[in-house]
Amino acid sequence: MAHFFTFTPKKKAATDIDFIHLIESTGMKILVATEKPFAKEAVDGIRRIVEDAGYELALLEKYTDKAQLLAAVADVDALIVRSDKVTAEVIGAAKNLKIVVRAGAGYDNVDLAAATARGIVVMNTPGQNSNAVAELALAMMVFMSRNRFTPGTGSEIQGKTLGIHAYGNVGRLVGRKGKAMGMNVIAYDPFITDSAVFEADGVKKVNSVEELYKNSDYLSLHIPATEQTKGSIGYDLLMSMPKGATLVNTARKEVIDEQGVMKALTEREDLKYITDIAAGIQSELNEKFGRRVFATAKKMGAETAEARRKVCSGSQCWFKPQAKPATMESPAPTVLTTDMRGGRACHQISLASQSTPSAPRDTTTCSI
Ligand code: 3PG
């Protein structure tokens, strides 16, 4: 059942919360819309901040129908979500919307073009749930290496080569945990050219996607879903992997070329695929490949008590943008992220519109 509560503000006061600068006038309403709810502690923290500022908090949890979200956003000024889809339709229904906070890493669930057209700021909180996702990636490797815990048929991951595709917040944690498990870890990230970033973790940087897949017994995906990456992992890459290799996807469904994966699994009976985001053709994959494929029932990488608390508690959802004045004054819609890649902040992603040619045009994307 969906949860939709409203809370009347107890007092109206000026605060030093940066978020408030974005929604300065009085009587503002903030909606937390999470189909997969935050921990209660996180919601309590959000409520405290919102109510102390004199605003109203509305809560829509575990909703089952898009219509509920469309109705709930009708009068809100700010929206906090997880991977809930903030489509053009949702943005269109939210006439007063000024800011969307995606509590989590990827903001591919937010229609940035639609936000752009309305000058709506979009922010995220990368890094906060990374450990949960990284632990799941390792667990998935063990699960597959032990043949889904079938006695007498398993193998070990120690001594095997783990390839990490994109060395962002999650990828790094997977790399360090893989090292701790005795794996030989290699990684590829087109945005990180400095080998020292990898070497600091005892990880070897490789120079191409092809080199990465060709050498990985386990390949852990951590690329975001962008126009460049969608459908990019498929037949050729899988076919190049060593005998008995396993592809592990805790990133996004959209980066997979599902037909390509199906073809590779058909031609190579030694390959395996495990994912936290079921494929569109998952039932077909399950039927055809049995124990060689596995998908969690529901995306659960960040579904730990810790991640559900950290991802949007206290200051996390009231993130202090480094470039706040420029961002907020810019007519160009801006996505901010605190993501750190290679020790450098990837803090601002701007979608400069043609009407604002002077606006920043840094379209860097960050690993998730
Ligand atoms: C993220 O992008 O932060 C992770 O994929 C977790 O997403 P979730 O909020 O849907 O669990």
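Student: How far is an oxygen atom of the ligand from a polar backbone atom of glycine 106?

Tutor: Quick background: this is a predicted model, so to speak of local features we need pLDDT of at least 70, side-chain atom pairs count only at pLDDT 80 or more, and totals for chains, interfaces and linings use all residues. Residues are numbered from 1 along each chain as its sequence is written, and side-chain values use heavy atoms, with hydrogens and water left out. A polar contact here is a pair of N or O atoms within 3.5 Å. For glycine 106, the distance to the ligand oxygen is 3.1 Å.

Student: Which residue has a side-chain N or O atom 2.7 Å from an oxygen atom of the ligand?

Tutor: Look among the residues that surround the ligand, including Lys36, Arg82, Ala105 and Arg252 (near means a heavy atom within 4 Å). Alanine 105 uses a backbone N or O atom, 2.6 Å from a ligand oxygen. The side-chain contact at 2.7 Å belongs to arginine 252.

Student: How much of the ligand's accessible area does the protein cover?

Tutor: Accessible areas come from the Shrake-Rupley method with a 1.4 Å probe. On its own, the ligand has 310 Å² of it. The share covered by the protein is 97%.

Student: Which strands stand at the edges of the open sheet?

Tutor: Strands are DSSP E runs of at least two residues, helices H or I runs of at least four, numbered from the N terminus; two strands pair if DSSP finds at least two bridges between them. The seven strands run β9-β8-β7-β10-β11-β12-β13, with parallel pairing. Two of them have a single partner strand each, so one side of each lacks a neighbour in the sheet: β9 (204–205) and β13.

Student: What does threonine 246 stand opposite in β12?

Tutor: Strand β11 (residues 246–249) points Thr246 and Val248 one way and Leu247 and Asn249 the other, and all are buried (under 20% relative accessible area, 1.4 Å probe, protein chains only). Four bridges join β11 to the parallel strand β12 (residues 272–275). In that pairing, threonine 246 faces lysine 272.

Student: Which helix does the chain pass through from β11 to β12?

Tutor: This β-α-β crossover is right-handed (clockwise from first strand over the helix to the second, with the strands pointing away from the viewer). The helix's buried residues, among them Val261 and Leu265, pack against α10, β12, α12 and β13 (contact: heavy atoms within 4.5 Å). The linking helix, residues 258–267, is α11.

Methods
Buried means under 20% relative accessible area, exposed over 50%, partly exposed in between (1.4 Å probe, protein chains only). A polar contact is a pair of N or O atoms within 3.5 Å; within protein, one must be able to donate a hydrogen and the other to accept it, and residues adjacent in sequence count only if both atoms are side-chain atoms.
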